[in-house]
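Biologist: Please give me a close look at one part of this model, the largest pocket. Then show me how the rest of the protein fits around that account.

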Amino acid sequence: MFSILFSLKKERTIEQQVSEIQQGNQTLHNQLIQQYKPFIIKTVSNVCKRFIREEDDELSIGLIAFNEAIEKYAPHKGSSFISFAELLIKRRLIDYIRKEARVREVILHTDEDDENAVQTYLDTKLSIDEFYKQIEQEQRREEIIHYQQVLKEFGIHFHDLVEQSPKHKDARINAIKVAKLLVEDEKLLKLLFQKKQLPIKQLQNMAEVSRKTIERNRKYIIAVAIILAGDYVYLKDYIKGVLPS
């Protein structure tokens, strides 16, 4: 009797609910979308900088993106579902806005003989370009904030990376190669995020570098692996081009 009265039912996290949905729980799927509809509307509104109505196309884009997040979410990539869903909604909206902007540019550009049309086209293009810059700046800032939070789970701070990053180009390339090997091995990647430790012994067997080198660059390798495994569009640009093709 007392066990019934005082027992507490442990609520499922959203990540656990998403996992159930991915296994085929359609009822929970519909419930989750309805439950997080205010979150979707708020995210869409923040991107569009205006009030969002039920009939707006942008809301439909947001709902589709949230559903895509449910289908594609992978917890071992080191991101919470909400962070992943928010990033995906914003990206899909930006893609949609860019597509619509290109259509408007084509319409305006068809009447080049009209001076007013030309000026309107130029003003619109400048306004759209400025909007893109603002959105990308916000996206970069949000990625960095999220990245910092994940790093903290591993006991790593930005100043650690500045102080302990490999000083020579070859050393950085080797460290990035080790991180890439780690991310490509699903078991090791899960191990990394579960234990919050670098699986040095396994990596030593896979990589063409010594254990001492891996240990010395441990924080840098973890930091790079988090970026490669996660949904960091802008941060990944810093890694692109470093590795030889």
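Modeller: One definition comes before anything else. A helix here is a DSSP run of H or I with at least four residues, and helices are numbered from the N terminus. Keep in mind, too, that this is a predicted model.

Start with the whole protein. There are 14 helices and zero strands. Read from the N terminus on, every element in the run is α. The protein has 245 residues, and buried ones make up 40% of them. Now take contacts between residues at least 6 apart in sequence. Of these, 61% join residues at least 24 apart.

Now the pocket. What is the volume of the largest pocket? The value is about 360 Å³. Its lining is made of 13 residues. Nearest its centre lie Tyr147, Leu161, Tyr220, Ile227 and Tyr238. Two helices each supply at least two residues of the lining: H8, residues 158-164, and H13, residues 218-229. H13 gives the largest share, with four residues. What is the chemical character of the lining? Sorted by class, 12 of its residues are nonpolar, one is polar and none is charged.

H13 deserves a longer look. Alanine 225 sits in this helix. Is alanine 225 buried or exposed? The cut-off for buried is under 20% relative accessible area. Alanine 225 has 0%, so it is buried. Set aside residues up to four places away in sequence, and alanine 225 touches Ala179, Leu182, Val183 and Leu192. Leucine 189 is worth finding as well. In sequence, alanine 225 and leucine 189 are 36 residues apart. In space, their C-alpha atoms are 8.5 Å apart.

Move next to helix H7, residues 115-153, where you find glutamate 143. Its relative accessibility is 2%, so glutamate 143 counts as buried. What does glutamate 143 contact beyond its neighbours within four places in sequence? The list has Leu87, Arg91, Asp231, Tyr232, Val233, Tyr234 and Leu235.

Helix H6, residues 81-109, holds another residue to check, lysine 90. At 7% relative accessibility, lysine 90 is counted as buried too. Leave out residues up to four places away in sequence. Lysine 90 then touches Thr43, Val47, Gln139 and Glu142.

Helix H5, residues 57-72, brings in phenylalanine 66. Its relative accessibility is 0%, so phenylalanine 66 is classed as buried. Which residues does phenylalanine 66 contact, apart from its neighbours within four places in sequence? They are Leu32, Ile33, Tyr36, Phe39, Ile40, Phe81, Ala85 and Ile89. Look also for phenylalanine 84. It lies 18 residues from phenylalanine 66 along the chain, and their C-alpha atoms are separated by 9.2 Å.

Now go back towards the start of the chain. Helix H2, residues 14-22, packs with helix H3, residues 26-35. The angle between them is about 140°, and their axes are 9 Å apart. That angle makes H2 oblique to H3. Which residues make the contact? H2 brings Ile14, Gln17, Val18, Glu20 and Ile21. H3 answers with Leu28, His29, Leu32 and Gln35. By class, the contact has five nonpolar, three polar and one charged residues. Leu32 turns up a second time here: it is also on the contact list of phenylalanine 66.

Two loops finish the tour. Most residues other than glycine have a negative phi. Two lysines have a positive one.

Lysine 49 has a phi near 60°, a positive value in a residue that is not glycine. It sits in the loop between helix H4, residues 37-48, and H5.

Lysine 196 also has a positive phi, about 60°, and is likewise not a glycine. Where is lysine 196? It lies in the loop between helix H10, residues 186-195, and helix H11, residues 200-206. Is it buried, exposed or in between? Its relative accessible area is 27%, so lysine 196 is partly exposed.

Finish where you asked me to begin. Go back to the pocket in the structure and find Tyr220 and Ile227, two of the residues that lie nearest its centre. Then find alanine 225 in H13. That helix supplies four residues of the lining, the largest share.

How values were computed:
Residues numbered from 1 in each chain as written. Predicted model: local features only at pLDDT ≥ 70, side-chain atom pairs only at ≥ 80, totals over all residues. Heavy atoms only, no water. Axes fitted to C-alpha atoms, helices over the stretch in contact; angles between N-to-C directions. Parallel < 35°, antiparallel > 145°, perpendicular 65-115°, else oblique. Contact = heavy atoms within 4.5 Å. Nonpolar A, V, L, I, M, F, W, Y, C, P; charged D, E, K, R; others polar. 1 Å grid on protein atoms, 1.4 Å probe; cavity = no way out; pocket = protein on both sides within 12 Å on 5 of 7 lines; lining within 4 Å. Points joined across faces, edges and corners; volume = space filled by probe spheres on them. Buried < 20%, exposed > 50% of the residue type's maximum accessible area, 1.4 Å probe, protein only.
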